[in-house]
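Visitor: Could you take me through this structure? I shall ask as we go.
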Amino acid sequence: MRKIKIIAPKYLIAPLPILGIETYPADSAADAKAALETATNKKEPALIFITERLAVDLQEEISKLNQKPDLNIVLIPDNQGSTGLASSQIQDLVKNSIGAEVVIRQ
Amino acid sequence: MPKRVNATRMELLRLRRRTALAKKGHKLLKDKLDGLVQRLLEIVKSHRRLSNKLEEELILIFQKLALSTGQTRPEVIYAATLLPAVKTSVDISLKNIMGVKIPQYELKSEGNPISYGFAETPAELDQALSQFMDILKELVKLAELNKAILVIASHIIEIKRRVNALEYILIPELVGAVRYIKMKLAEIERSTTVALLKIKDIVRAR
């Protein structure tokens with residue numbers, strides 16, 4: 001059984017505890033780092049969503065934490081749209097593993 | 001630098017068996033690698049499709065959430081979140097794809113999200129919450145695909161390293177050692193024949 005947690009600016013996620021989702025408000029990269037530590041320190045399996053804009057400076061920490069089987073940290077766009085960070089991460093990973101870029105025709 | 005090997009028939013037989021085993025293992029690992037690459041490409045395609053779809057929906061939902069948070073007094077939202085009527089969690093099961101265990105998520109949620117007073121909250125909040133509840137299942141699916149890509153990609157890197165080690169180091173070394181022993185044994189045989197001929201000549205001369 002995993003909990004769903006979300007790290008995003010407070011004005012976006014303030015009402016989400018109504019849906020049973022744990023929220024960790026963060027308005028800056030430093031806040032996001034602290035929030036990520038708090039969310040992962042509980043040593044419980046969790047599914048953590050974090051907005052791409054907050055995750056820009058936390059890529060190393062996120063990829064380290066994602067190695068753990070209990071944790072899954074997923075980047076999502078915020079109200080201003082996607083920065084392309086999540087898709088570029090996946091693309092780099094696929095490129096490193098199979099040695100070729102995957103182009104998908106729409 | 002090739003390892004020193006004993007040029008004996010026993011060693012030759014042992015090395016031949018090891019070469020056959022290494023070639024078999026190499027073929028199996030290569031087949032597994034091909035299968036995993038194929039699965040990875042399928043997962044990447046569905047991940048891309050789902051993330052494109054979710055991106056547009058999430059932007060709209062977050063905009064609504066931002067609007068409703070702005071229109072409502074913080075203490076009202078705080079009061080509404082104190083006793084959540086919905087319990088949400090994710091159940092995990094493991095799926096085996098060619099020996100790689102991939103987590104499968106199933107969203108479990110109970111209760112009605114709209115369980116707060118309507119008097120002081122805007123309609124956007126109700127809409128945003130019910131839309132977020134609808135999209136949550138797909139978000140969990142996106143997380144599942146994300147984890148699957150991470151796990152399969154790391155396995156592919158590991159298997160590739162093993163395949164390369166077998167193909168470019170172990171198998172050539174074994175083949176080289178077998179060739180060396182064969183040549184050494186042939187050389188010993190030739191030298192024995194020459195020695196015998198020489199001894200025969202010496203014996204005849206007497």
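Visitor: In which sense do strand E1 and E2 of chain A pair?
Guide: In this predicted model, strand E1 (residues 3-8) of chain A and E2(A) pair in the parallel sense over four bridges. Strands (E, at least two residues) and helices (H or I, at least four) are DSSP runs, numbered from the N terminus, and two strands pair if DSSP finds at least two bridges between them. One partnership links Ile7(A) to Tyr24(A) in E2(A).
Visitor: What is the strand order of the sheet?
Guide: The order is E2-E1-E3-E4 (chain A), an open sheet of four strands with parallel pairing. Strand E2 (22-25) and E4 of chain A are the edge strands, each pairing on one side only. From one strand to the next, the twist averages 20 degrees.
Visitor: Before going on, how are residues and chains labelled?
Guide: Residues are numbered from 1 along each chain as its sequence is written, while chains are lettered from A and ligands numbered from 1 in the order in which they are written. As this is a predicted model, local features need pLDDT of at least 70 and side-chain atom pairs count only at pLDDT 80 or more, whereas totals for chains, interfaces and linings use all residues.
Visitor: Which strands does H3(B) lie across?
Guide: H3(B) lies across E3 and E4 of chain A, at about 115 degrees to E4(A). Axes are lines fitted to C-alpha atoms, for helices over the stretch in contact, and angles run from 0 to 180 degrees between N-to-C directions.
Visitor: And how do H5(A) and H1(B) run relative to each other?
Guide: The axes of helix H5 (residues 85-98) of chain A and helix H1 (residues 9-71) of chain B come within 12 Å and cross at roughly 170 degrees. H5(A) and H1(B) are therefore roughly antiparallel, a term for angles over 145 degrees. Among the residues making the contact (C-beta atoms, placed from the backbone, within 7 Å) are Ile90(A) and Val94(A) of H5(A) and Leu40(B) and Val44(B) of H1(B).
Visitor: How many residues does each chain give to the contact?
Guide: Chain B gives 47 residues and chain A gives 34. On the side of chain B, H1(B) provides the largest share, 18 residues.
Visitor: Turning to Asn66(A), where is it found?
Guide: Asn66(A) is in the loop between helix H4 (59-65) and strand E4 (71-76) of chain A. Leaving aside neighbours within four places in sequence, Asn66(A) is in contact with Leu71(A), Asn72(A), Ile73(A) and Leu150(B).

Terms used. Parallel < 35°, antiparallel > 145°, perpendicular 65-115°, else oblique. Contact = placed C-beta atoms within 7 Å.
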